[in-house]
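This report walks through a single protein chain, from its overall make-up to its core, rings and cysteines. The sequence and the structure are shown first.

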Amino acid sequence: MPPISLIQKLMPEATFAEEEKTYLWSYLYFTGIPISNKFTLKSWIYRLWRYVFPIFLHVVLVCAIIQLILGYRTGVWNINIIISCSLVNFLSVGVWHSVYRKRRYVSELLAKLEEIQSSCVASHLQRMETITINGVLLVYSVTPTAFSFLVANSVIEESKDAFWTFSYKPEDILCGKILLFVSVNAYECLQIIFPGLLTCMYCTLCYKLSKFLVCFKRRSREVIGEASCRLPLKQLVNQYFMILNTVELLQKIFSEPIFLLILMSSLHMFSMVGYLMPFFKYEFTVVNIVEMVVITMTNTLSTVAIIIFSSKITANIQKVKQIFHRYKENMILESHGNGDPVIQLVIDRENIELSACNIIIFKKSFILSMFGALLTYSLLIFQISN
């Protein structure tokens, strides 16, 4: 994690990040995706960090594909596992490219969030929420290194792990452990670092917009309850539409990246189930157990978090529309129609449902379907392996 002073020098325009006191946008910058083109420091540090992570990502992808080919030739993994893991690696890099192409829209989204927070709804992240975001980023950052350290320390002299050592068998056990540590660390970074950052970024933005909607819902109840004149209602509807336009921009930016991320997570989960289930017949090592925990945390729980946070936006939008709908009903019953055209705009506004390329609709019921499919596939693999 880069020091705060360096982040402030490199990102003076990122007031949203400074205001919330999280490392989210600085992490995004140091992965090669700047959200602002205005920097005060044009030194070698800026030029270096602009290209280090993208180069690292593509080099590791090439190494991972070579590694999978050698693993298939040595008979370590089956062809179906090789194809699945190859797709996971390509999708992981594809997620980075999809966010990189939309980096200007991300800057626009943050500007809209600033505008909403300053003019419409004042809602800041609390200290515990900030600590949680930074903690999740830290977990995603250290997981590849911690897991590779465990794998390297679990190797014994009799072990012949030709997959992680690129079919090379070093005579010195120390050299073998170092090679194993570097290989596993690079491979896991490819599948964890940026997908984890995207998950945290998307969930944070959804949570922020949900807080805006909750605050707006509370404010609309107060305004509607106190007065029914035309001007406050018109301002209230304009503020509501400003939030909805930001939600639509969020959907426009992250629909494709989140779809690729969920597809990658699904492939990773199913391929790892096919790889780990046969171990039930023989033995389960500490490495296998830790690997299952890592996969669950970085894939299953990430997908569940995305669905939960995005579905809250839709639920809060429905609650706001219900408030205006109930108010219109009261106006009709009391024969007061001054604000009827303005309120009708809110009621007639189409519902916004966050989705991944309109293929995966983020509803909580999808979580049950996902776990059902995973359980069915696990039982099928277990029966075949027996």
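## Burial and overall make-up

In this report a residue counts as buried when its relative accessible area is under 20%, as exposed when that area is over 50%, and as partly exposed in between. The structure is a predicted model, and of the 386 residues of the protein 50% count as buried. Tyr29 is a buried residue, and Phe30 is buried as well.

The protein has 12 helices and two strands, and from the N terminus on the elements run α-α-α-α-α-α-α-α-α-α-α-β-β-α. Among contacts with a separation of 6 or more, 81% are made by residues 24 or more positions apart. One pair that is distant in sequence is Leu87 and His268, which are 181 residues apart along the chain and 8.9 Å apart in space, C-alpha to C-alpha. Leu87 belongs to helix H5, which spans residues 79-101, and because its relative accessibility is 42%, Leu87 counts as partly exposed.

## Annotated transmembrane regions

An unreviewed UniProt entry carries the annotation "transmembrane region" for residues 48-70, 76-96, 135-156, 192-210, 258-277, 289-309 and 366-385. In the model, residues 48-70 are 100% helix and 0% strand, with 32 Å between the end C-alpha atoms. Residues 192-210 are likewise 100% helix and 0% strand, and the end C-alpha atoms of that span lie 26 Å apart.

## Nonpolar cores

The largest nonpolar core holds 84 residues, and within this core Leu250, Phe254, Ile258 and Phe362 touch the most other members. Apart from that core lies another one, of eight residues, which include Val151, Val184, Ile192 and Val287.

Phe362 can be followed further through its contacts. When neighbours within four places in sequence are left aside, Phe362 is in contact with Tyr202, Ile258, Ile262, Ile306, Ile307, Leu354 and Ala356, and also with the serines Ser310, Ser311 and Ser355.

## Aromatic rings and the charges over them

A search of the whole structure finds eight aromatic pairs. Tyr29 and Phe30 form an edge-to-face pair, with 5.0 Å from centre to centre and 80 degrees between the planes. Elsewhere, Phe216, Tyr240, Phe241 and Phe324 form one aromatic cluster.

Rings also lie beneath charged side chains, and two such arrangements can be described. The charged end of Arg103 sits over the ring of Tyr100, at 4.0 Å from the ring centre, while Lys312 lies over the face of Phe309, at 5.5 Å from the centre of that ring.

## Cysteines

How many disulfides does a search of the whole structure find? The search finds zero. For Cys203 the reason is one of distance: the closest cysteine sulfur, in Cys206, is 6.5 Å from the sulfur of Cys203, and this is too far for a bond, because a disulfide needs a pair of cysteine sulfur atoms within 2.5 Å. Seen from the other side, Cys206 is in no disulfide, and the nearest cysteine sulfur, that of Cys203, is 6.5 Å away.

Are these two cysteines buried or exposed? Cys203 has a relative accessibility of 8% and therefore counts as buried, and Cys206, with a relative accessible area of 0%, is buried too.

Technical notes. Residues are numbered from 1 along each chain as its sequence is written. This is a predicted model: local features need pLDDT of at least 70, side-chain atom pairs count only at pLDDT 80 or more; totals for chains, interfaces and linings use all residues. Side-chain values use heavy atoms; hydrogens and water are left out. Rings of Phe, Tyr and Trp (its six-membered ring) pair if their centres lie within 6.5 Å; planes under 30 degrees apart count as stacked, over 60 as edge-to-face and the rest as tilted. Buried means under 20% relative accessible area, exposed over 50%, partly exposed in between (1.4 Å probe, protein chains only). A charge sits over a ring if NZ of Lys or CZ of Arg is within 6 Å of the ring centre and within 35 degrees of the ring normal. A nonpolar core is a set of buried Ala, Val, Leu, Ile, Met, Phe, Trp, Tyr and Cys residues joined through side-chain atoms within 4.5 Å. Contact means heavy atoms within 4.5 Å. UniProt positions are given in the numbering used here, feature names are shortened, and annotations may be inferred rather than shown by experiment. Helices (H or I, at least four residues) and strands (E, at least two) are DSSP runs, numbered from the N terminus.
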